[in-house]
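Student: I've got a model open and I'd like to go through it with you. Can we start with the cysteines and then move on to the sheet?

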Amino acid sequence: MFKGIYHGKKCHAADIPAVLARAWAAGVDRIIVTGGSLKESREALEIAETDGRLFCTVGVHPTRCGEFEESGDPEGHFQALLALAKEGIEKGKVVAVGECGLDYDRLHFCPADVQKKYFEKQFELAEAVKLPMFLHMRAAGEDFCEIMSRNLYRFPGGVTHSFTDSAEDRDRLLSFEKIFIGVNGCSLKTNENLEVLRGIPVERLMIETDSPYCDIRNTHAGSQYVKSVWPSKKKEKYEQDSIVKGRNEPCLVRQVLEVVAGCKGITDIEGLSKTLYHNTCRLFFPQDLDASAEAQLESGTTVQNS
């Protein structure tokens, strides 16, 4: 979609520079581009290399796990992911393994047994490169948490992103001390979703867009809390200075922040944003927090963990 292509049809010119300019202007500091297959992870790394504020993940989405066996050499496919992750780490660009996990809502793309096998395999990848995990769990809470509990020792932490499941599944995830829960527009559609969100402590929460998907729409329960809006045009009437209707983009993470604040009754929105940003850095950019803490110690100021 950021190349201007929707359902195979070209509607406008590629506009990643305009999308990024809006993001930086909106206060976005860094963006992690998600890989969902070996090919996509390579592309994510290429994109990340175009700007110092872009980073990426390497991994295989549950609905694409068939690619291990379709390659004809599952172990060779795994080794190619490992080599790519190592290359990206060397370049200072790969910050997580993923997107990986289980998705039982879309078993028509990949059966559960194949998903489980290669979800487990990707813990091996995280262990080999000592990176956190960018996780996907949809309608698969029991199997997901069982696999997770078996592999907790293999990775430093993770975030289960785009969370849309029940309060029971939320509590299962919160029982793993090093797992954060990530929310976006898809997590804020119904009153039940908002009730689940209220039970996630801000210290265990992250926000994201998952763009170009998961935008917040006027019909969503969360939209009542949105304050920031951008001019928008339909893709057929594209204008560079407007966002495309129905296509999510990174600047709109501000709206997710506003919904979280409104839903939880938090008035200090800047304080909330700092906590959520700190959570994200703790997981994906721990070296920054270490450097910042060292600088503060050297200057004689006290370091407080928020």
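Student: How far is the sulfur of Cys56 from the closest cysteine sulfur, and in which residue is that one?

Tutor: Keep in mind that this is a predicted model. A disulfide here needs two cysteine sulfur atoms within 2.5 Å. The closest cysteine sulfur to that of Cys56 is too far for a bond, since it sits in Cys100 at a distance of 14 Å.

Student: Is Cys56 buried or exposed?

Tutor: The cut-off for buried is under 20% relative accessible area. Cys56 comes in at 0%, so the call is buried.

Student: And what about Cys145, which cysteine sulfur is nearest there?

Tutor: Cys145 is buried too, at a relative accessible area of 8%. It is in no disulfide, and the nearest cysteine sulfur is 14 Å away, in Cys100.

Student: Which cysteines do form a disulfide?

Tutor: The structure holds one disulfide. Its sulfur atoms are 2.5 Å apart, and both partners are buried. The pair is Cys186 and Cys214.

Student: What is the handedness of that disulfide, and how many residues apart in sequence are the parts it ties together?

Tutor: The torsion about the S-S bond of Cys186 and Cys214 is about -90°, so the disulfide is left-handed. Cys186 lies in the loop between β8 and α8, while Cys214 lies in the loop between β9 and β10, so the parts tied together are 28 residues apart in sequence.

Student: On to the sheet: which strands are at its edges?

Tutor: Seven strands make up an open sheet with parallel pairing, in the order β3-β4-β5-β6-β7-β8-β9. An edge strand pairs on one side only, and that applies to β3 (31-33) and β9 (205-207).

Student: What angle does helix α5 make with β5?

Tutor: Strands β4 and β5 pair in the parallel sense over three bridges, with Val58 standing opposite Val97 in β5. Helix α5 (residues 112-129) packs on the sheet and touches β4, β5 and β6. The direction of α5 makes an angle with that of β5 of about 165°.

Student: Last one: with which side chains does the side chain of Lys91 make polar contacts?

Tutor: Lys91 lies in the loop between α4 and β5, and is partly exposed at a relative accessible area of 38%. Lys91 and Glu49 are 42 residues apart in sequence, yet their C-alpha atoms are 8.3 Å apart in space. The side chain of Lys91 makes a polar contact of 3.4 Å with that of Glu49, and one of 2.7 Å with that of Glu87.

Conventions. Residues are numbered from 1 along each chain as its sequence is written. This is a predicted model: local features need pLDDT of at least 70, side-chain atom pairs count only at pLDDT 80 or more; totals for chains, interfaces and linings use all residues. Side-chain values use heavy atoms; hydrogens and water are left out. Two strands pair if DSSP finds at least two bridges between them. Helices (H or I, at least four residues) and strands (E, at least two) are DSSP runs, numbered from the N terminus. Contact means heavy atoms within 4.5 Å. Axes are lines fitted to C-alpha atoms, for helices over the stretch in contact, and angles run from 0 to 180 degrees between N-to-C directions. Buried means under 20% relative accessible area, exposed over 50%, partly exposed in between (1.4 Å probe, protein chains only). A polar contact is a pair of N or O atoms within 3.5 Å; within protein, one must be able to donate a hydrogen and the other to accept it, and residues adjacent in sequence count only if both atoms are side-chain atoms.
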